[in-house]
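Here's a quick tour of one model, from a single residue to a ligand site. Have the viewer open as you read.

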Amino acid sequence: MAASALNSVQTNALQQGINLDALPAHIAIIMDGNGRFAQGNGFQRLWGHRQGYKTLKNVLLTAAQLGIKYLTVYAFSAENWRRPEDEVGGLMALIEEAARHELRGLKENNVRAQAIGRLHEVPLGLQEALQEMKEDTQNNTGIVFTLAINYGGRAEILDAIKTIIKDNPAGEITEESINAALYDPTLPEPDLLIRTAGELRWSNFLIWQAAYSELFVTETTWPEFKEKELLEAVAHYQKRIRKFGGLADLQ
Ligand code: IPE
Ligand code: IPE
Ligand code: MG
């Protein structure tokens with residue numbers, strides 16, 4: 001790759017020793033710590049979620065510039081309904097606002113955007129915004145950006161099995177048939193799964209697909225996560241030896 005063809009994110013990546021020809025194709029992120037960031041700054045939790053929205057915008061563009069092909073982020077879990085009503089309502093409104101406001105920018109940046117999860121259970125206005133976002137960006141050829149909303153890994157596996165049985169009651173259930181019945185079967189498995197704000201758990205995110213993902217947990221909260229942290233995660237990923245149950249190649 002000619003140095004002159006590099007953008008600023010790629011130049012910074014090279015400076016950190018990242019190999020641009022061995023990037024993770026699919027990065028998934030558990031965007032956690034909005035509440036703690038807000039509390040630490042003396043604000044309400046919803047203020048933290050709004051800061052998190054700004055971070056997401058920034059990280060999506062950074063990932064696209066770096067050359068990442070798929071970015072999937074956990075925006076609202078199937079378990080997050082357990083939070084107080086005003087926080088849940090505020091989050092739903094914020095996600096709808098983001099989907100509507102960012103549509104133009106997504107198109108300009110050639111992003112193919114979509115959502116996965118039990119979307120029929122979210123407020124109608126949000127369903128419509130997500131549908132429009134998907135339709136208006138489906139022919140774009142850049143990064144595939146997937147928002148997981150009312151998403152649960154167990155729910156996704158259960159939904160997949162129900163679909164298989166409904167479509168073919170006598171059919172065999174295999175790993176392949178489950179893969180084919182996931183919310184978006186065209187998404188490759190995440191190579192790198194990042195969690196912000198330090199918790200060492202999956203919280204029901206992509207539990208089927210992330211079976212062999214490399215994990216990177218940072219103490220940095222989501223609103224504070226920037227290009228520097230993304231590049232740090234990718235640099236760590238490139239030092240890992242992926243074995244998928246086999247043995248590492250002996251040099
Ligand atoms: C993550 O931040 C965003 C969502 C779950 C929607 P949190 O709201 O979980 O923040 P903490 O974990 O309370 O700090
Ligand atoms: C996971 O974070 C869900 C999202 C980031 C949307 P949580 O904050 O809900 O996870 P737990 O409750 O700490 O496991
Ligand atoms: Mg949390």
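## A buried loop residue

Leu187 counts as buried because its relative accessibility is 18%, where buried means under 20% relative accessible area with a 1.4 Å probe and protein chains only. You'll find Leu187 in the loop between helix H8 (175-180) and strand S5 (192-195); helices (H or I, at least four residues) and strands (E, at least two) are DSSP runs, numbered from the N terminus. From Leu187 to Asn12 it's 175 residues in sequence and 28 Å in space, C-alpha to C-alpha.

## Ground rules

This is a predicted model, so local features need pLDDT of at least 70 and side-chain atom pairs pLDDT 80 or more, while totals for chains, interfaces and linings use all residues. Residues are numbered from 1 along each chain as its sequence is written, chains are lettered from A and ligands numbered from 1 in written order, and side-chain values use heavy atoms, leaving out hydrogens and water.

## Around ligand 1

Which helices each supply at least two residues of the shell around ligand 1? They're H2 (34-40), H3 (45-66) and H4 (85-101), and H2 gives the largest share, three residues.

Now for the polar contacts (pairs of N or O atoms within 3.5 Å). Oxygen atoms of ligand 1 pair with a polar side-chain atom of Arg83 at 2.7 Å, with one of Asp32 at 2.9 Å, and with a polar backbone atom of Gly33 at 3.4 Å. The protein covers 87% of the 380 Å² of accessible area that ligand 1 has on its own (Shrake-Rupley method, 1.4 Å probe).

Methods. Polar contact = N/O pair within 3.5 Å; in protein donor to acceptor, adjacent residues only side chain to side chain. Buried < 20%, exposed > 50% of the residue type's maximum accessible area, 1.4 Å probe, protein only.
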